[in-house]
Amino acid sequence: MTEGTPTADAATITKARARLGELSARARTVELRERFAGDPDRAERFTRSFEDVRLDASKNWIDAEVWGALLDLARASGLRARIDAMFAGDVVNPTEGRPALHVALRAPAGQVIEVEGRDVVAPVHAVLERMAAFAERVRSGEWKGHTGRRIRAVVNVGIGGSDLGPAMATQALAHYAQPDLAVRFVSNLDAADFVQNTRDLDPEETLFIICSKTFTTLETLTNARTAREWLLGSLGDEAAVARHFVAVSTNEAEVAKFGIDPENMFGFWDWVGGRYSLPSAVGLSLMLAIGPAGFRELLQGFHSMDEHFRTAPFEDNLPVWLGLLAVWYGSFLGAEAHAVLPYDHSLRRFPAYLQQLDMESNGKATALDGSRVAHPTGPIVFGEPGTNGQHAFFQLLHQGTRLVACDFIGFARSNDPVGDHHDLLVANLFAQTEALAFGKTPDEVRAEGVAEALVPHRTFAGNRPSTTILIDRLTPASLGRLIALYEHSVFVQGTIFGVNSFDQWGVELGKALATRIAPELTSPAPPTHDASTNALITHYRHHRR
């Protein structure tokens with residue numbers, strides 16, 4: 001099979017899966033100690049780089065034969081054709097009848113990508129220019145609040161992709177942010193989120209960004225109305241709303257009804273999925289924090305990884321490597337969890353961001369053709385920054401009974417160089433991957449003089465796989481590359497799983513039931529659900545009073 005295979009080849013997929021099943025049995029029996037001892041060039045053989053990103057996969061349960069079989073599976077699954085279709089603007093989200101063109105959000109000006117005969121790149125840049133002009137006015141102090149005072153705090157109100165992406169990136173790039181402009185995020189329907197993020201803010205100096213494509217999302221609109229009441233409770237004048245609220249939405253009528261000037265509405269498109277929307281107007285809060293120039297650098301980083309994914313042969317393609325490793329562990333070795341472990345405190349929200357990206361994209365049990373999938377799909381994604389995670393759940397990673405695939409992410413240079421902190425941080429990163437891979441034998445423990453009764457407790461089995469992603473420095477451009485690396489890895493996995501990575505019907509049922517339950521919580525009528533839910537509603541009613 002070649003990378004140009006136009007569609008998935010069922011017979012070849014079956015053959016490749018059978019071969020990988022055979023290889024998985026052997027993979028469990030060959031220790032990483034043996035793999036490195038028998039191959040002095042292993043580290044180089046299983047390391048790939050692109051620009052400032054180095055991906056070391058050598059501490060994984062792979063060899064040349066496994067890797068060849070994984071590449072065969074990718075080709076048989078029609079991965080090359082799917083990549084080309086996505087970048088061409090074809091409908092790759094069939095359940096919603098849409099393309100998935102997040103790559104157009106970071107395409108350079110002048111590039112042409114057409115959807116239904118219309119170029120979408122030029123409108124993207126028109127919105128970016130409006131965002132940049134607005135951001136400069138706020139950052140410079142030209143944009144004033146209703147009473148003529150400068151804006152000193154921005155609160156983004158959204159949920160899901162309208163919160164996780166910009167919140168994660170704003171935190172990640174805090175080093176590049178304007179220091180006299182606070183940028184905060186409110187997403188939770190729990191009022192505590194709003195209260196805690198606004199309790200020290202001055203309404204006269206606060207700007208809200210209401211981020212909702214439809215401007216009907218329950219959580220976002222509830223928080224938006226609370227923000228409106230908070231503002232007017234202090235300023236009193238309805239006209240103040242237009243100076244303290246802007247919208248990221250496509251619903252101009254509802255935006256205007258809320259009191260936001262449609263001139264201050266920044267739009268995006270149906271082909272922008274929420275979890276892929278950071279490079280769109282959804283990133284307005286981030287642009288306000290780091291400035292238009294920093295935001296453009298972020299987009300350039302995204303685009304460089306997009307082009308690498310689109311053009312590089314699979315053998316040297318970083319998203320393909322990352323995606324195939326996930327398929328290997330999840331589909332063939334029984335790993336149900338994937339830990340993402342950034343050794344940079346600024347990336348502390350990155351695992352949460354990836355939870356949505358991966359689990360909402362590939363947490364599916366239905367194949368593209370409507371049939372039930374016959375193999376495991378997306379993993380449970382979790383993580384915490386190093387070194388905090390080492391003092392929390394690393395015990396299970398090192399000595400537990402479960403197989404967990406791990407990604408360690410680190411940077412050669414720190415944005416906050418203080419003493420020897422960064423050297424110690426990176427030393428811990430490297431030490432953890434070494435300890436997971438090679439462990440400590442009973443004889444090595446005994447040689448340290450440990451009492452025999454404690455030897456089993458102090459022994460580390462090792463042979464725990466991990467991938468290390470090492471980047472020169474955390475910058476807007478490198479963050480763009482890192483996010484795009486994982487975006488495209490998820491796409492690789494979804495293609496091989498045979499699922500639609502771009503819909504999310506699984507979030508709808510609970511939301512619909514909540515709409516039904518909400519009025520029942522204050523109604524005297526008997527609830528009409530199952531026995532457990534009825535009892536919970538009744539208990540809540542009693543204690544609510």
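**The largest cavity**

Begin with the lining of the largest cavity in this predicted model, where the residues divide by class into 10 nonpolar, 5 polar and 1 charged. To find the place, select Leu325, Ala326, Tyr329, His338 and Ala405, which lie nearest the centre of this cavity among its 16 lining residues. The elements that give two or more residues to this lining are helix H13 (318–332), strand S10 (337–342), strand S12 (404–413) and strand S13 (466–473), so colouring these four in turn outlines the enclosure around the cavity. Helix H13 makes the largest share of the lining, with 5 residues. The space inside the largest cavity comes to about 120 Å³, and it belongs to a set of 4 cavities of 30 Å³ or more.

**The second largest cavity**

Keep His338 selected, since this residue also appears in the lining of the second largest cavity, and add Leu322, Val340, Leu354, Leu357, Asp358 and Val381. Then complete the lining with Asp407, Tyr486, Ser489, Val490 and Gln493. Strand S10, helix H14 (350–362) and helix H19 (476–497) are the elements that each give two or more residues here, and helix H19 supplies the largest share, 4 residues. This second cavity holds about 80 Å³ of space, and its lining is made up of 7 nonpolar, 3 polar and 2 charged residues.

**The largest pocket**

Turn next from the cavities to the pockets, and select Thr217, Gly274, Gln504, Glu508 and Lys511, which are the closest to the centre of the largest pocket among the 36 residues that line it. The volume of this pocket is about 890 Å³. Show helix H7 (161–172), helix H9 (218–235), helix H14 and helix H20 (508–520), as these are the elements that give two or more residues to the lining of the largest pocket. Helix H14 is worth keeping in view, because it was also named for the second largest cavity. By class, the residues lining the largest pocket are 12 nonpolar, 15 polar and 9 charged.

**Two serines**

With helix H7 still displayed, select Ser162, which lies in that helix. Is Ser162 buried or exposed? Ser162 has a relative accessible area of 12%, under the 20% cut-off, and therefore counts as buried. When its neighbours within four places in sequence are left aside, Ser162 is in contact with Asn156, Cys211 and Val282, so these three are good residues to show as sticks beside it.

Val282 leads on to the second serine, Ser277, which is in contact with Val282 as well as with Gly161, Val272 and Gly283, again leaving aside neighbours within four places in sequence. Ser277 lies in the loop between strand S9 (265–266) and helix H12 (284–311). Its relative accessible area is 1%, and because this is under 20%, Ser277 is also classed as buried. For a distance to draw in the viewer, join the C-alpha atoms of Ser277 and Ala253, which are 24 residues apart along the chain and separated by 22 Å.

**The second largest pocket**

Move now to Ala8, Ser77, Leu368, Thr495 and Gly498, the residues nearest the centre of the second largest pocket, which is lined by 20 residues. About 430 Å³ of space lies in this pocket. Helix H1 (10–27), helix H5 (79–88) and helix H19 each supply at least two residues of its lining, with the largest share, 3 residues, coming from helix H19. Helix H19 is the element already met at the second largest cavity. The lining of this second pocket comprises 10 nonpolar, 7 polar and 3 charged residues.

**The whole chain**

Finally, clear the selections and look at the whole protein chain, which contains 21 helices and 13 strands. Its radius of gyration is 25 Å, close to the 24 Å that the globule rule gives for 545 residues, and the chain is therefore as compact as a globular protein of that length. Along the principal axes, the C-alpha trace spans about 75 × 60 × 60 Å. Of the 545 residues, 54% count as buried, while the chain exposes about 23300 Å², of which carbon and sulfur atoms supply 53%. Among contacts in the chain with a separation of 6 or more, 74% are accounted for by residues 24 or more positions apart.

Technical notes:
Residues numbered from 1 in each chain as written. Predicted model: local features only at pLDDT ≥ 70, side-chain atom pairs only at ≥ 80, totals over all residues. Heavy atoms only, no water. 1 Å grid on protein atoms, 1.4 Å probe; cavity = no way out; pocket = protein on both sides within 12 Å on 5 of 7 lines; lining within 4 Å. Points joined across faces, edges and corners; volume = space filled by probe spheres on them. Nonpolar A, V, L, I, M, F, W, Y, C, P; charged D, E, K, R; others polar. Rg over C-alpha atoms; globule rule 2.2 N^0.38 Å. Buried < 20%, exposed > 50% of the residue type's maximum accessible area, 1.4 Å probe, protein only. Contact = heavy atoms within 4.5 Å. Areas by Shrake-Rupley, 256 points an atom, 1.4 Å probe, with all protein chains shown as cover.
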